[in-house]
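Q: Take a close look at one part of this structure for me, the interior. Keep it informal, but be specific about the residues.

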Amino acid sequence: MSALPQVHLHRLGADALGQALADVRAPHLPQSQMSDHYAVGNSALHAALKTKVAHLIDALGPQLRRPRPHWHGARADVLALDLAFVEHPAQPFELAWVEIQAFTSMLPTFHTLHQAQRRLHRLDRHWLPHDPVPHAGPHGSDWASHMRRWVAPKPATVLIEDRPRQRATWPDLDAARHWWQVAVHDWSELIPAHGLLYHPGTARHFGHVWNRLILSDLSPFERRRAEATLIAADRISWHSHPAWYEGIHKGSLADVALAEHEACHWVESSPLCANGWQAADAWVAKAVGGHSGSGLLLAPTAEQLAALPTPRQWIVQNRFRQTPIGVHPDTGQPLFGEVRCMLGLEQDRPPWVMAWILRLSTNGIATLTGRQTVPGEGMTMLYFDRSEA
């Protein structure tokens, strides 16, 4: 057993994966964005990832516990934590923070893909792409049932988004309807009624909201209207509260002490600013509210960095070099990877890893929205042996 972190890719085949996805009988997923590989990590990689996550959660403790006044139920309950495999002089790779945000994207797709892959890879049942389910004894729950009690604890649960059917993420939302029987509605279709949310078209009242709405994506007028609607529904409970998209975000990394290879600073307090923006192209700039590849400057000039709005609107991160973790099966091109840890934060319980998601690419860019990938690239699972957990 290696004392160094390792990850190995295994190919399933696009045709076999496509048939397995059909056999699961879940809503259609865009297979062009799904990798026909899965990955297996060793215990050293699992330990390294858990150590990185634990350090981050400890450092963010005050922000995670900070109350959000004037909005019922506003708290952080989920984090999406992205790490890249980067070069290391004496190891196969090092892990580097890419970004953190507070949303539940990919969880339904994760479950669909996991169910399909399990039909093909025949790993022992102890190999999991998530932490063992809490209290899952002989009569305990499986992953989907456990998640349902969290994301959709009430029969009348609504998943809200802005124009959900027009988004590239619609397959993920549709999978949420399938696995957890939630209603999916545009936020603008709902009105507050007796402290709940009411949908006139279906005459249903909703007491729980699974939020996928990012308020900063809305126009100023729409945002004011959305906030007024949601704040007025003061008897509902929340999963992934919209106030926490801005409470925990990309910029939160700038408040954490990080290793030199993954250093992150607010643009106004960065070494670049203090040194007259020298060596600007050795850094990457990101807007706090950016997502899915938006608000990103991969090779900024000194002039661009000096012109960015401040304070606390943009961060700069040390530009690292990703290292391949495999090769493309058809072209022989290197495959690069980013791990997304979907972390659940529940009251009075330790943080729980809901999903280890691996996103593979040939160019080191993990954002897959709108991309047509080829076999080997795309989203897949990262499995660990949890037989002794």
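A: First, the yardstick: buried means under 20% relative accessible area, exposed means over 50%, and partly exposed is whatever falls in between, using a 1.4 Å probe and protein chains only. Keep in mind that this is a predicted model, in which local features need pLDDT of at least 70 and side-chain atom pairs count only at pLDDT 80 or more, while totals for chains, interfaces and linings use all residues. Residues are numbered from 1 along each chain as its sequence is written, and side-chain values use heavy atoms, with hydrogens and water left out.

Let's begin with the cores. A nonpolar core here is a set of buried Ala, Val, Leu, Ile, Met, Phe, Trp, Tyr and Cys residues joined through side-chain atoms within 4.5 Å. As a general point, nonpolar side chains in soluble globular proteins tend to be buried together. The largest core in this model has 59 residues, and the ones with the most contacts inside it are L45, L49, L79, L81, F85, L343 and L382. Helix α2 (residues 43-59) gives the largest share of that core, five residues. Helices are DSSP runs of H or I with at least four residues, strands are runs of E with at least two, and both are numbered from the N terminus.

Zoom in on L81. Contact means heavy atoms within 4.5 Å, and beyond four places away in sequence L81 touches V53, L56, W97, E99, I100, V339, R340, C341 and L343. Apart from this core lies another one, of 45 residues, with V151, A175, I357 and M379 among them.

Two residues in the loop between α8 and β13 are worth a stop here. One is V256, which is buried at a relative accessible area of 6%. Leaving aside neighbours within four places in sequence, V256 is in contact with H55, L56, A59 and L60. L56 also turned up above as a partner of L81. V256 and E268 are 12 residues apart in sequence, yet their C-alpha atoms sit 16 Å apart in space.

The other is E262, in that loop between α8 (244-247) and β13 (264-266). E262 is charged but buried, with a relative accessible area of 4%. Its contacts, outside the four places either way in sequence, are K52, L95, A96 and W97. The C-alpha atoms of E262 and V86 are separated by 9.7 Å, although their positions lie 176 residues apart along the chain.

Now to M147, which belongs to helix α5 (residues 143-151). Its relative accessibility is 0%, so M147 counts as buried. Past the four-place window in sequence, M147 touches L107, A152, W180, W352 and M354. Take E94 as a distance check: the C-alpha atoms of M147 and E94 are separated by 31 Å, with the two residues 53 apart along the chain.

Helix packing comes next. Helix α1 (residues 14-24) and helix α4 (residues 107-121) pack at an angle of about 120 degrees, with their axes 8 Å apart. The axes are lines fitted to C-alpha atoms, for helices over the stretch in contact, and the angles run from 0 to 180 degrees between N-to-C directions. From α1 the contact uses A16, L17, A20, L21, D23 and V24, and from α4 it uses T112, L113, Q115, A116, Q117, R119 and L120. Those residues divide into eight nonpolar, three polar and two charged. The nonpolar class is Ala, Val, Leu, Ile, Met, Phe, Trp, Tyr, Cys and Pro, the charged class is Asp, Glu, Lys and Arg, and the others, Gly among them, are polar.

Finally, the cysteines. A disulfide is a covalent bond between the sulfur atoms of two cysteines. The rule used here asks for a pair of cysteine sulfur atoms within 2.5 Å, and by it the count comes to zero disulfides. The sulfur of C264 is 15 Å from the closest cysteine sulfur, that of C273, so the pair is too far apart for a bond. C264 is buried, with a relative accessible area of 5%, whereas C273 counts as partly exposed at 32% relative accessibility.
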